[in-house]
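These entries record what I looked up in a predicted model. I began with a single residue and then turned to a sheet, a core and the salt bridges.

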Amino acid sequence: MGDLDGDGLDDLVGIAAASVGVESRVQILRSTGASLVLTGEHGPGTDFHSVQLVDLDADGHLDVVASGRGETSPTPSVVVLWMDGDAGIAEVTELRPFRYSDSVGVGDVDEDGFLDLVVPDVLTEGGALVLRGDGARSFTEGPVVAKGTSVGSLHLAELTGDGHLDLALGQAGSLSVLAGDGSGGFSETFRESAEVSLLATADLDHDGDLDLLGLDSYLMWAWFNAGDGRAFTASRVGPESTTWCAVLGDLNADGRTDLVERFYAAGGEGVFLHTPDGLVASGVLQVSAGLGTACSIAIGDLDGDSTVELVESTGSGLVLFDGACDE
């Protein structure tokens, strides 16, 4: 979610598909405060899995980075929708196929003032490819990071304390952290055996540095950063229940990052509030029977009441939980 038209209300960007594993569409849904109105879409094409909202060209408008699975066809797996500031799509950039690009890192890795992309590249050399942005809606291919490895997920964040963006990679059989040098290059500082997906970061232990969150074999784990990105301590988060998807956000306006997990077997969302003692289970939001498996969850303020809503994408549509956690 994010404000795509400057009216102070969060709008929603979603992925619509007839079923999992087929070509899908990216849809732009403007919030009126009382309803969601379709204002634009892209596709069908790639089997899109994720979207990010960020101002890539520094024009003051949020843009959309959509990524998914392009397989081996000419279908692009990463698409940038350049937005017009009024919840409309002004221009589309389709990047070459990268096959499994379920997650894309966004940040200024070479510190030239323009945002770059880091994309898992399984189709050609393996590893992750740096795409240098020029601030004018173009990207130039840069170095390949962790060449020859199978990267399933990645996340850009400052993990080593030197001010440069670093890269966390969920690879086949391992979790690794690579320190950024500020020019677009990365070198490994940490590696641990794990099967990690859905990587994210938050300061979970209030020590001033970012920790890692991710799914290892569909269970949520936290890796607590010792401060320099070279040592992490792993700890389980949440119940021993298979997690299908998750999202981070401040649910109770206390300035701390909270966690919402979608449980596959038990149904419903588990809400974990971030307290001085860590992430503490707060309750379960039960989704009505028959709506299907959740594909994703988003957090934002759709109606402008200064409380957040949860929107869950299911097999049968969208489910909205308001700020009081009522369906």
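Entry 1, a strand residue. I looked up Val 260 and found a relative accessibility of 0%, so Val 260 counts as buried, the cut-off being under 20%. I placed Val 260 in strand β21, which spans residues 258–263. I then checked its distance to Ala 246: the two are 14 residues apart in sequence, and their C-alpha atoms lie 5.5 Å apart in space.

Entry 2, an open sheet. I traced an open sheet of 4 strands, ordered β8-β9-β10-β11, with antiparallel pairing. Which strands stand at the edges? I noted β8 (105–107) and β11 (139–145) there; each has a single partner strand, so one side of each is left without a neighbour in the sheet. From one strand to the next, I recorded an average twist of 20°. Between β9 and β10, which run antiparallel, I found 4 bridges. I also noted that Pro 120 stands opposite Ala 128, a residue of β10.

Entry 3, the largest nonpolar core. I listed 13 residues in this core, and the members that touch the most others are Leu 56, Leu 117, Leu 131 and Phe 139. I then asked which elements give two or more residues to it, and found β6 (78–83), β9 (116–120) and β10 (128–133). The largest share, 3 residues, comes from β6.

Entry 4, salt bridges. How many salt bridges does the structure hold? I recorded 8 salt bridges, and I looked at several of them individually.

I took Arg 30 and Asp 86 to begin with, whose side chains meet in a salt bridge at 3.4 Å, N to O. Arg 30 belongs to strand β2 (residues 25–31) and Asp 86 to the loop between β6 and β7 (89–95), so this pair ties together parts that are 56 residues apart in sequence. I noted that Arg 30 is partly exposed, at a relative accessible area of 22%. Asp 86 is also partly exposed, at 44%.

I next looked up Asp 57, which forms a salt bridge with Arg 137; their closest N and O atoms are 2.9 Å apart. I located Asp 57 in the loop between β4 (47–54) and β5 (63–69), and Arg 137 in the loop between β10 and β11, so the pair ties together parts that are 80 residues apart in sequence. Is Asp 57 buried or exposed? I found Asp 57 at 11% relative accessibility, which counts as buried, whereas Arg 137, at 22%, counts as partly exposed. I also recorded that Asp 57 and Arg 137 belong to a network of salt bridges that links them with Asp 59 and Glu 91.

I then examined Arg 132 and Asp 110, whose side chains meet in a salt bridge at 3.0 Å, N to O. Arg 132 lies in strand β10 and Asp 110 in the loop between β8 and β9, so the pair ties together parts that are 22 residues apart in sequence. At 26% relative accessibility, I entered Arg 132 as partly exposed. I entered Asp 110 as buried, at 14%.

Entry 5, a cross-reference. I noted that β10 recurs in these entries: this strand joins β9 through 4 bridges, gives two or more residues to the largest nonpolar core, and holds Arg 132.

How values were computed
Residues numbered from 1 in each chain as written. Predicted model: local features only at pLDDT ≥ 70, side-chain atom pairs only at ≥ 80, totals over all residues. Heavy atoms only, no water. Core = buried A, V, L, I, M, F, W, Y, C linked by side-chain atoms within 4.5 Å. Buried < 20%, exposed > 50% of the residue type's maximum accessible area, 1.4 Å probe, protein only. Pairing = 2+ DSSP bridges. Axes fitted to C-alpha atoms, helices over the stretch in contact; angles between N-to-C directions.
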